[in-house]
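Ready for some practice in reading a protein structure? Grab a pencil, look at the model below, and try each exercise before you peek at its solution.

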Amino acid sequence: MNLEKTKKNSLLLLQWIFICILIGIISGSASAFFLVSLEWVTQIRENHNWIIWLLPIGGLIIGLGYHYWGKSVVKGNNLLLEEYENPQKIIPLKMAPLVLFGTLITHLFGGSAGREGTAVQMGGAIADQFTKLFQLDASERKTILILGISAGFASIFGTPLAGALFALEVVYFSKINLKSIFLSFLVAYIAYFTVELWHVKHTPYAIPFLPENNFTTLFWVILVSILFGLAAMLFSRSTHFWGHLFSKTISFPPLRPFVGGCFIALAVYFIGTTKYIGLGVPMIVDAFSNPNASYDFLLKILFTGFTLGAGFKGGEVTPLFFVGATLGSALSLFVPLPIALLAGMGFVAVFSGATHTPIACTVMGLELFGIESGIFIGLACSIAYFSSGSVGIYNSQIVKGAKYHLYQKLKRKNTDFL
């Protein structure tokens with residue numbers, strides 16, 4: 001009897017390892033293709049600035065594509081979270097090509113968006129196809145969705161540990177079984193090494209100088225981390241505000257990105273710079289060595305919230321990196337901490353606050369900047385997480401844990417006071 005059980009468990013383990021290999025290789029390859037394509041369309045846009053005037057046409061193409069062929073997947077990352085929380089039906093594979101080409105069009109013509117959402121949606125859609133292929137039940141399907149998120153995130157940013165943890169943390173740890181934890185790390189590394197095998201490189205970052213650990217340093221770290229949390233709150237609420245405004249004022253969905261594209265193109269023309277559109281990676285890199293203007297992070301929030309709210313495609317995470325890094329860089333003019341440390345803390349802390357994932361963001365900081373900065377990164381992510389409010393960038397995310405209880409307690413106190 002024990003021999004049969006051992007044999008059954010061994011076959012089950014081999015099946016899941018095989019699934020991880022398939023998801024990791026396919027999702028990693030999709031991310032590699034996406035990264036190369038994204039670099040290509042970005043170069044075209046930067047070398048031909050006039051192309052921004054075609055953004056309304058690009059928006060109309062995206063809007064029409066989702067209106068006629070992508071209504072079932074238009075929710076994007078929120079659909080993955082909804083299917084995890086309440087499994088209904090397998091995510092259509094068409095989510096992957098629709099979000100891929102939608103994001104490339106957004107970046108080609110000058111929208112302000114990221115790439116994480118695209119990679120995660122591609123990974124989730126690819127992974128969920130194995131639900132039917134291997135005849136998995138509802139519980140096993142939850143694991144499949146975690147694997148898709150993990151593979152997509154790890155491969156797009158080159159941070160396998162953070163990718164695995166993000167997939168687990170964004171759906172909340174208490175509902176995760178040990179099998180999902182092990183497999184999430186396995187698929188993250190497979191996807192990460194797949195991108196490496198395609199010789200696709202990720203942007204390097206560094207924090208060369210660190211201050212002494214004393215009470216003065218701690219005071220400044222706490223203060224700027226609260227500001228990072230407030231910036232995350234502003235980003236999340238801005239994105240939701242523009243999305244609600246567009247859906248309320250323009251009833252025909254394909255017209256929303258068309259109208260939004262007109263406003264963005266005019267805004268870029270009048271401010272005379274393209275540094276707030278696209279991914280903004282050059283600005284992020286520069287923020288680690290040169291102080292930014294105090295309004296740079298605010299304009300990125302405005303451009304990104306407007307772009308995504310209008311219905312263009314892409315992620316929120318790289319713009320969150322931009323917001324955090326440029327805010328930290330601007331604060332270096334007033335805060336006696338190294339500029340690279342402030343930019344690095346902001347880079348991951350704003351992300352932590354907006355996604356309610358402080359553990360994954362702390363680990364991402366360690367992977368990107370080195371373990372030496374760990375104490376500062378960890379504090380920044382934790383404080384920003386608690387000070388960013390109860391609303392994040394994902395409407396369908398179930399917010400639990402310490403933050404949930406804190407804001408519920410504050411809500412009750414305010415109700416009692418009134």
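**Exercise 1. Sort the residues that line the largest cavity into nonpolar, polar and charged.**

Solution. Keep in mind that you're looking at a predicted model.

Step 1: start with the tally, which is 6 nonpolar, 2 polar and 1 charged residues.

Step 2: get the names. The lining is made of Arg115, Phe157, His202, Thr203, Tyr205, Phe321, Phe347, Met364 and Leu368.

Step 3: match names to classes. Arg counts as charged, while Phe, Tyr, Met and Leu count as nonpolar. His202 and Thr203 are in the lining too, and residue types outside the nonpolar and charged lists count as polar.

Step 4: add the volume. The largest cavity holds about 80 Å³ of space.

**Exercise 2. Describe the second largest cavity: its volume, its lining and the helix that gives the most to it.**

Solution. Step 1: the volume of this cavity is about 70 Å³.

Step 2: look around its wall. You'll find Asn77, Leu80, Leu81, Glu116, Val120, Ile149, Phe166, Val170 and Tyr394.

Step 3: by class, that wall has 7 nonpolar, 1 polar and 1 charged residues.

Step 4: trace the helices. At least two lining residues come from helix 3, and at least two from helix 5. Helix 3 gives the most, with 3 residues.

Step 5: put it in context. Counting cavities of 30 Å³ or more, the structure holds 3.

**Exercise 3. Check helix 5: does its span fit the expected value or miss it, and is the helix mostly covered or mostly open?**

Solution. Step 1: helix 5 has 18 residues, and at 1.5 Å a residue you'd expect 26 Å.

Step 2: from first C-alpha to last, helix 5 reaches 26 Å, close to that expectation.

Step 3: for covering, use the cut-off that buried means under 20% relative accessible area. Of the 18 residues in helix 5, 15 are buried, so mostly covered is the right call.

Step 4: peek past the end. Just after helix 5, glutamine 135 has a positive phi of about 50°.

**Exercise 4. Now do the same for helix 14 (residues 339-355).**

Solution. Step 1: with 17 residues at 1.5 Å each, helix 14 should span 24 Å.

Step 2: its end C-alpha atoms are 24 Å apart, which agrees.

Step 3: all the burial checks point one way here. Because 17 of the 17 residues are buried, helix 14 is largely enclosed by the rest of the structure.

Step 4: histidine 356, just after helix 14, takes a positive phi of about 60°.

**Exercise 5. Describe the largest pocket and the second largest pocket, each with its volume, lining and main helix.**

Solution. Step 1: the largest pocket contains about 870 Å³ of space. Its lining has 37 residues, and Val74, Lys75, Leu308, Gly311 and Lys313 lie nearest the centre.

Step 2: several helices give two or more residues to this lining, among them helix 2 (55-69), helix 10 (255-271) and helix 12 (296-310). Helix 9 gives the most, with 6 residues.

Step 3: sorted by class, the largest pocket's lining has 14 nonpolar, 17 polar and 6 charged residues.

Step 4: move to the second largest pocket, with a volume of about 420 Å³. Here 22 residues form the lining, with Glu39, Thr42, Leu279, Val281 and Pro282 nearest the centre.

Step 5: helix 1 (2-47) and helix 11 (281-287) each give two or more residues to that lining. Helix 1 gives the most, with 7 residues.

Step 6: finish with the classes, which are 9 nonpolar, 7 polar and 6 charged residues for the second largest pocket.

Terms used: Residues are numbered from 1 along each chain as its sequence is written. This is a predicted model: local features need pLDDT of at least 70, side-chain atom pairs count only at pLDDT 80 or more; totals for chains, interfaces and linings use all residues. Side-chain values use heavy atoms; hydrogens and water are left out. Helices (H or I, at least four residues) and strands (E, at least two) are DSSP runs, numbered from the N terminus. The expected span of a helix is 1.5 Å times one less than its number of residues. Buried means under 20% relative accessible area, exposed over 50%, partly exposed in between (1.4 Å probe, protein chains only). On a 1 Å grid over the protein atoms alone, a cavity is a set of points where a 1.4 Å probe fits but cannot get out, and a pocket is an open set with protein on both sides within 12 Å along at least five of seven lines; lining residues have an atom within 4 Å of a point. Grid points are joined across faces, edges and corners, and a volume is the space filled by probe spheres set on the points.
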